[in-house]
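Student: Could you take me through one part of this model up close, and then work outward from there? I'd like to hear about the strand pairing first and the charged contacts after that.

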Amino acid sequence: MSVRPRRRALEWLVVAAGAGSTATEIGASRLLAPYFGSSTVVWANVIGLVLAALSLGYWLGGRIADRRPRASVLGGLVVGAGVLVAVVPFAARPLLDVTVRGLDQISAGAVVGSFFASLLLFAPPVVLLGTAAPFAIRLAVGEVEQAGTVAGRLYALSTVGSIAGVFLPALVTIPLAGTQRTLVGTAAVVALGGALQLRPRWLAAPVALAAVLAVPAGAVKATPGLLYEAESPYQFVQVVQDGPERDLYLNEGIVEHSEWRPHTVLTGDEWDMFLTVPPLLGRPVLRVAILGNAGGTTARAYSVLYPSARTVGVELDPAVTEAARRYLGLGAIPRLRVVTADARPFLRRTKERFDVIAVDAYRQPYVPFYLATQEFFRLARSRLAPGGILALNVATVPGDHRLARDVAGTLRTVFPQVLTWQALRLNQLVLGLDRPLSHAALRAAVARAPARIRVLERLLAAQARPAAPLADPWTDDRAPVEWVTDRMILHFAVGGESRDEPLLPTAP
């Protein structure tokens, strides 16, 4: 015999469970981003596992409801789901730290790490949340003639809750209170829905979870020398002091996105690659666009080595720009104008023409697909001054350059000449030239280079290789960035031999 719950309390439970499942999904993406980034494959793992967990929950909910159709059983399941949601933000950091260290040792990519992290952290509470809708329908249906009406009403309410669980965290609670408090608040709402199906003393569960909101949010990842940390609508932002220099980290927290050194603009790292581009013009560089300005490392060097250049630094995230102004000297860079915009929409709107467009918006190792297609490269070429150069920083792994090869090959279908330079073991400079350069012109560029980077210019002139057009170039419709990148990483992880050309010597 079923025990009929009060209608309003049951409807609230269904709304709360729907909100809990999607809020957990949104929170999952934020918790995973500092460790695995926020690429399409990470989102695919989160969405796919949440859907799989909900499917399992629907099946279990229906089975349990037929065997024990009691409101107290449903309430217990939902209270348990609330408790598990509250545990997630506190268990995430130690679990993900261990996961990342283990995956780093085998060089596994985000596709592997985010899958298992999602499975362990987020699937259990979502399974319990999935039991709510079929169980509630079983309890609410009094007569067969009303089954369709009751099921439709409850599924509609569950969907309303799911919509709220998407928009409220994304637009309101995460920006205002952060991911930890968003998930804990969600847990309290979910637990309240379950507690209303139980005896009054169970109301202590949502009250106790609400009290956890007072626990201060710790650092996203414990980092020695941490100067600054913020959670923006786009990503996690950290500035870390490492001896005399300061480093900017975004999301995955493994690769530095900018460096600042007190007495030099040279870093010995990938930003120095872009400094070799202006001498190839054969004329003074006057206008530069840096797509992916981050902390302004490249812009700072351009202001010193090429004082004739006026630079536009395009950065999507204003929180990154603010951190760079406070800790990386961004505000002191002369002739730099910072624009808050996404790279491709900026190029589409601007009427300016640039001698050099440097694309450093690729979040290693993944490339935003819309910055690696024929359509983007055509747009970029249309924004170059005659004889201008498009320069791309593309990631490689030791012995495997297939990502850079496909990007360069696609670029070659748009530009008359494309040169590639394996400047560092993990970074390749890909150059799209509006006007082809001869070997003699490359050698002549060495003499025009500032003395401090002449050795790099000499290496570029000696080691640059032409790229051939890709037979199946990437387009906005099809650009398999994550698939290519994860194949590279997994191939390297198992020790496979690359069919690419040997690595060129590393630039000093």
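Tutor: Let's start with one pair of residues: V418 stands opposite G432 in β11. Keep in mind that this is a predicted model. The strand to look at is β10, residues 417–424, which is joined by 6 bridges to β11, residues 427–433, and the two run antiparallel. Follow the chain from β10 and you pass through a hairpin of 2 residues before you're in β11.

β10 also pairs with β12, residues 465–466, again in the antiparallel sense, over 2 bridges. In that pairing, L419 has P466 in β12 as its bridge partner. So how covered is β10? Mostly: 8 of its 8 residues are buried, and the cut-off for that word is a relative accessible area under 20%.

Now compare that with another set of strands. β1, β2, β3 and β4 form an open sheet, in the order β1-β2-β3-β4, with antiparallel pairing. β1 (226–231) and β4 (256–260) are the edge strands; each has a single partner strand, so one side of each is left without a neighbour in the sheet. On average, neighbouring strands here are turned by 15° against each other, direction ignored. If you want to zoom in on the β1 end, β1 pairs with β2 (residues 236–242) in the antiparallel sense over 5 bridges, and one pair to click on is E229 with its bridge partner in β2, Q238.

On to the charged contacts. The structure holds 12 salt bridges, and a few are worth walking through. Take E11 and R153, whose closest N and O atoms are 3.0 Å apart. E11 lies in helix α1 (residues 7–36) and R153 in helix α7 (residues 147–177), so this pair ties together parts that are 142 residues apart in sequence. The two ends don't get the same label: E11 is buried, at a relative accessible area of 9%, while R153 is partly exposed at 27%. These two also belong to a network of salt bridges that links R7, R8, E11 and R153.

Another helix-to-helix contact is the one between R138 and D66, whose side chains meet in a salt bridge at 3.3 Å, N to O. Here R138 sits in helix α6 (residues 132–140) and D66 in helix α2 (residues 40–67), so the parts tied together are 72 residues apart in sequence. R138 counts as partly exposed, with 32% relative accessibility, and D66 counts as exposed, with 55%.

Last one: E352 and R337 form a salt bridge, with the closest N and O atoms 2.6 Å apart. This contact takes us back to a strand, since R337 is in β7 (residues 336–340) and E352 is in the loop between α12 (343–349) and β8 (354–359), so the pair ties together parts 15 residues apart in sequence. E352 is partly exposed, at 28% relative accessibility, and R337 is also partly exposed, with a relative accessible area of 41%.

Definitions and conventions
Residues are numbered from 1 along each chain as its sequence is written. This is a predicted model: local features need pLDDT of at least 70, side-chain atom pairs count only at pLDDT 80 or more; totals for chains, interfaces and linings use all residues. Side-chain values use heavy atoms; hydrogens and water are left out. Two strands pair if DSSP finds at least two bridges between them. Helices (H or I, at least four residues) and strands (E, at least two) are DSSP runs, numbered from the N terminus. Axes are lines fitted to C-alpha atoms, for helices over the stretch in contact, and angles run from 0 to 180 degrees between N-to-C directions. Buried means under 20% relative accessible area, exposed over 50%, partly exposed in between (1.4 Å probe, protein chains only). A salt bridge is a side-chain nitrogen of Lys or Arg within 4 Å of a carboxyl oxygen of Asp or Glu.
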